[in-house]
Amino acid sequence: MRALALALALAGPAFGQTAADEAQKARSAELKAHYDTALELYSKGDYSRAIMEWREVLRKAPDQTTAEKMIEMAREAIDRRDRALQDA
């Protein structure tokens, strides 16, 4: 019984680290999925939906400055498109 308790105590931090690592991997994969979807939408000219995806990235990872910059680029693209439609 004492050996089992010792084994669990020794395994605890390693298990906790593995769980933390897995959680970080899952978070990274989720952020990447949103970012990849946003890039695909942006490349197709669907700027509004791309912005929604990048906002989700920022909601989950506020320090993602690239997502902020991409939102600004998408807004500029919307403005250019709208001006072009008005001029036509």
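Colleague: In helix H1, by about how many helical turns are Asp 36 and Lys 32 separated?
Modeller: This is a predicted model, so let us read it as one. Asp 36 and Lys 32 are four residues apart in helix H1. An α-helix has 3.6 residues a turn, so residues three or four places apart point the same way. The separation of Asp 36 and Lys 32 is therefore about one helical turn.

Colleague: How far apart are the closest N and O atoms of Asp 36 and Lys 32?
Modeller: Asp 36 counts as partly exposed, because its relative accessibility is 34%, between the cut-offs of 20% and 50%. Asp 36 and Lys 32 form a salt bridge, and the distance between their closest N and O atoms is 2.5 Å.

Colleague: Is Lys 44, which forms a salt bridge with Glu 40, buried or exposed?
Modeller: The closest N and O atoms of Lys 44 and Glu 40 are 3.0 Å apart. Glu 40 has a relative accessible area of 45%, which makes it partly exposed. For Lys 44 the relative accessibility is 62%, and over 50% is the cut-off, so Lys 44 counts as exposed.

Colleague: Which residues are joined into one network by salt bridges that share partners?
Modeller: Let us start with Lys 60 and Glu 56, whose side chains meet in a salt bridge at 3.4 Å, N to O. These two are four residues apart in helix H2, so about one helical turn separates them. Both are partly exposed, Lys 60 at 25% relative accessible area and Glu 56 at 23%. Salt bridges with shared partners join a network made of Glu 30, Glu 56, Arg 59 and Lys 60.

Colleague: How many salt bridges does the structure hold?
Modeller: We have already met the one between Asp 36 and Lys 32, and the one between Lys 44 and Glu 40. Counted over the structure, the number of salt bridges is seven.

Colleague: Now for the rings: which kind of aromatic pair do Tyr 35 and Trp 54 form?
Modeller: The count of aromatic pairs comes to three. In the pair of Tyr 35 and Trp 54, the centres are 6.0 Å apart and the planes meet at 65°. Tyr 35 lies in helix H1 and Trp 54 in helix H2, 19 residues apart, and the pair links these distant parts of the chain. An angle over 60 degrees is what the label needs, so this pair is edge-to-face.

Colleague: Which residues do ring pairs link into a cluster?
Modeller: Trp 54 is buried, with 0% relative accessible area. Tyr 42 and Tyr 47 make another edge-to-face pair, with centres 5.2 Å apart and planes at 65°. Tyr 42 counts as buried at 19% relative accessibility, and Tyr 47 does too at 17%. The cluster linked by ring pairs holds Tyr 35, Tyr 42, Tyr 47 and Trp 54.

Colleague: Which residues of H3 are buried?
Modeller: Helix H3 covers residues 65-87, and from its first C-alpha to its last it reaches 33 Å, close to the 33 Å expected. The buried residues in H3 are Ala 67, Met 70, Ile 71, Ala 74, Ala 77 and Ile 78.

Colleague: What percentage of the residues of the protein count as buried?
Modeller: The protein has three helices and zero strands, and its elements run α-α-α from the N terminus on. It exposes about 6,600 Å², with 58% of that supplied by carbon and sulfur atoms. Of its 88 residues, the buried share is 22%.

Note on methods: Residues numbered from 1 in each chain as written. Predicted model: local features only at pLDDT ≥ 70, side-chain atom pairs only at ≥ 80, totals over all residues. Heavy atoms only, no water. Expected span 1.5 Å × (residues − 1). Buried < 20%, exposed > 50% of the residue type's maximum accessible area, 1.4 Å probe, protein only. Areas by Shrake-Rupley, 256 points an atom, 1.4 Å probe, with all protein chains shown as cover. Phe/Tyr/Trp six-rings, centres within 6.5 Å; stacked < 30°, edge-to-face > 60°. Salt bridge = Lys/Arg side-chain N within 4 Å of Asp/Glu carboxyl O.
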